[in-house]
Amino acid sequence: MVDLENLMLVFSASITGILVSIGGIITVFYAVKRKNRLILLFSSMWLSYAIFWFIDAAAHYLYSIPLMTIAILPQLIGVPCIIVFIELIKKEHVSPIKISILIIIEALLFYITFFVPGNYEIIPGYGVHNKSVLRTFQVIFLFYFVSLYFIWSYQTWRKAPASLKRLTSLLLIGSTLFSVVTALMYAIGTFVKVFNSIAFIINGIGAFTTIIVIFKDPRIIFILPFEAYRILVVDTNESVALFKHDWAKVGKLEETMFSMMLQAIGNVLDDILKKGEVQEIQMDRAVLLIQHDKTYSIASILISSKSSKSLRYGLKQFNDEFIDKFQSVLYDRKETSRFEGVSEIVDKVFDFVPSYKEIL
Amino acid sequence: MSNLENLVLVTAGFFAGTLNVICFVLSFIYARKRNNRLVYLFSANWFFQSMFWFLDASAHFFYSPLLMAIAFIPQMIGVPCLFIFIDLIKKERVNSTRMSFTLLYEITLIILSFLPGGMQVIPGYGVHIVGNLRILQIFFIFYYVLTYFSWSYLTWRRAPRELKALVNFLLFGSILFSFVTAFMYAIGSFIKIFNSIAFITHNLGALFTIIAIWKDPKIIYILPFKAYRILVVDTNAGTGLFKYDWAELRAVDENIFSMVLQAVGSILNEVLKKGEIREIKMDQAILLIQHEKNAPVASVLVTSKSSKSLIYGLKKFNSEFIEIFQSQFDGLYEVSRFKEAKKIVEHIFDFVPEYKNE
């Protein structure tokens, strides 16, 4: 019976390590393929976490306190990666307060783990059990980290468009398992030790579910930062709209009038202030991002709920590809049917933008 | 001779603490007067630094390593306050990487200072910091003073002519605070009395920088933006009502400007139904726009960068303008009626540096 507990603990930690490392490897491949540094940050979290689980399993198997002590290191590296990832996808900058709190907790946890004796206990037939101050700090650390992950997935689920609702529901289930359910099992595990092993597995399954969901449709990570409504290409000389694509319903637009208005404000401001072209027009509840090309007198305009680096970078890339593909036909702009192939560029460049058309 | 060294060290420590108290009082009074949370943060640094110096002096006086270790705690609280202040006035956002690094460094320093072996009691001199703790402390102080110096150097380089004399004084103070102190400290490794001189030059430098800022707080707004112009336009008739310049900008036909702004605002609102225009970002400038639903006027501020202080100021200016001139919005445009708005500008935007004669 006693040895069975150890076996369960080692087995569950190893299973969790395997699940999390599969998630980590999948996301690394995706990040490398898409050259997406943000996803690389996400995958480094899971890979570090997998290392933690494998060392943890080994520590229980070998009844080794030094191994259990070392296990904390990859965890201390991985958690800031996921916090930075969440912050960057939510607001494109990291909250100094959140990261400072994390750093303080991590520094204290590191100090207690390595410099304060008497925090580990070897229980024959079970494994290495951490206790007293170390246990308290570890609980605070884990609670802080899983709460932030849960809050992010909850907000994503709440704001998701209909087309992504099913997947984000899975994301929410995964993160609930990863956070709330794991915590509950862990609490019961204080009295009935076998629940600790169940908590490990549930944690791994939860994490794995969230990773698979994000891998299936990475647009999920762009639900929170913005809601893109429309992209337009206009001829700035003739005030003619050449192309339009909608991601969400936005007021009925008379493209020609819109184009004329943009041209007017651009000209007047440039003439009056001599401070260059208009790049962005911020309204109460929307923003217009504008990318000009003086050689072909073309401007690409993206209407979104918020400005974002990904959208601005995408708009620039889109504008360049548009000109690259259609420069030979740009001499006869009135024939707008020639620009029908632009949707492919939109689909390729803005494949990360969630579509809200269905729910409206 | 030995006791004299201790006396000089203790006196220098107390003197440094007193200078820091003066820095704190000056900056705190200004923060309170203007209800400026940013300057509160700045004053907090000097408060904690003064606590550090008094505890440091006491540690030397009582030959107490424990007091010396405790002295580091207020210093570790004060330095992040200054870093946050500098980041906020430079970019309105705190650099998370720098903050994480600072906190990690500080926690390591505090842990080391309470572990045995980091301090040595030298009879007749005081408590001397040795080994890894000394190396870490030197790097930390370098990091701290160089951050402050780089800010004051950038401010000095970009200051308008009218503030040049004051920013020269700011730069002089920060040189004393950083380089001169480091030099004195280096000599102090061989001739201990120079350590005491370093304490005093360091804090005199700090006081000079505070005096410069206290004399004209516009200094702290040199880096975040360069405001060019504020305009008030009538949104019904498309007429310019008032104009004030902080920096040289092309002559504007306010009426055309106002008409275009009004037309674009109306079309966008009509088409997108996403409210009024708040900001127009150009390659090298930004237009901040403040509307009021119940009055036919909009205030437009042209600046190099957007800033919370400017947006807040513009909102306040627009409200005061409407409050004072409400009775004048009768459709008859005798713009000389609005000349008095200059006083509102000078009152609300007293923190904005002028670049008119550049």
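**Entry 1: domains**

I began with chain A, where the domain assignment gives domain 1 (2-222) and domain 2 (228-349); such bounds come from an automatic or database domain assignment. The C-alpha centres of domain 1 of chain A and domain 2 of chain A lie 43 Å apart. I then looked up chain B, for which the assignment gives domain 1 (2-221) and domain 2 (227-348). For domain 1 of chain B and domain 2 of chain B, I again found 43 Å between the C-alpha centres.

A note to myself on the ground rules: this is a predicted model, in which local features need pLDDT of at least 70, side-chain atom pairs count only at pLDDT 80 or more, and totals for chains, interfaces and linings use all residues. Residues are numbered from 1 along each chain as its sequence is written, while chains are lettered from A and ligands numbered from 1 in the order in which they are written.

**Entry 2: where the chains meet**

How many residues does each chain bring to the contact? I found 35 residues from chain B and 35 residues from chain A, with two residues in contact if their C-beta atoms, placed from the backbone, lie within 7 Å. On the side of chain B that touches chain A, α4 (96-114), α8 (254-272) and β5 (277-282) of chain B each supply at least two residues. Helices (H or I, at least four residues) and strands (E, at least two) are DSSP runs, numbered from the N terminus. The largest share on this side of chain B comes from α8(B), with nine residues.

I also sorted that side of chain B by class: 22 residues are nonpolar, four are polar and nine are charged. Here Ala, Val, Leu, Ile, Met, Phe, Trp, Tyr, Cys and Pro count as nonpolar, Asp, Glu, Lys and Arg as charged, and the others, Gly among them, as polar.

**Entry 3: the sheet across both chains**

Next I followed the strands. Strand β5 (residues 278-283) of chain A is joined to β5(B) by five bridges, and the two run antiparallel; strands pair if DSSP finds at least two bridges between them. Within this pair, Gln282(A) stands opposite Glu279(B) in β5(B).

Stepping outwards, I read an open sheet of ten strands, in the order β4(A)-β3(A)-β7(A)-β6(A)-β5(A)-β5(B)-β6(B)-β7(B)-β3(B)-β4(B), with antiparallel pairing. Which strands sit at the edges? They are β4 (240-246) of chain A and β4 (239-245) of chain B, each pairing on one side only. Neighbouring strands of this sheet are turned by 15° against each other on average, direction ignored.

At the chain A end, strand β3 (residues 228-235) of chain A pairs with β4(A) over six bridges in the antiparallel sense, and Ile231(A) faces His245(A) in β4(A) as its opposite. These two strands, β3(A) and β4(A), make a hairpin with four residues between them, and Ser239(A) in the turn has a positive phi of about 55°.

At the chain B end, strand β3 (residues 227-234) of chain B and β4(B) are joined by six bridges and run antiparallel. There I noted Phe242(B) in β4(B) as the bridge partner of Val232(B).

**Entry 4: helices of chain B**

I found helix α9 (residues 308-325) of chain B lying across β3, β6 (286-291) and β7 (297-303) of chain B, at about 150° to β7(B). Axes are lines fitted to C-alpha atoms, for helices over the stretch in contact, and angles run from 0 to 180 degrees between N-to-C directions.

Helix α10 (residues 341-348) of chain B packs on α9(B) at an angle of about 150°, with the axes 10 Å apart. The pair α9(B) and α10(B) is therefore roughly antiparallel (angles under 35 degrees count as roughly parallel, over 145 as roughly antiparallel, 65 to 115 as roughly perpendicular and the rest as oblique). Residues of α9(B) in this contact include Phe317(B) and Phe321(B), and those of α10(B) include Ile344(B) and Val345(B). By class, this contact has six nonpolar, one polar and two charged residues.

**Entry 5: helices of chain A**

Helix α3 (residues 65-91) of chain A packs with helix α5 (residues 132-159) of chain A at about 25°, their axes 10 Å apart, so α3(A) and α5(A) are roughly parallel to each other. The contact includes Ile82(A) and Ile86(A) of α3(A), and Leu148(A) and Trp152(A) of α5(A).

Last, I checked helix α6 (residues 165-189) of chain A against helix α7 (residues 194-216) of chain A: the angle is about 165° and the axes are 8 Å apart. That makes α6(A) roughly antiparallel to α7(A).
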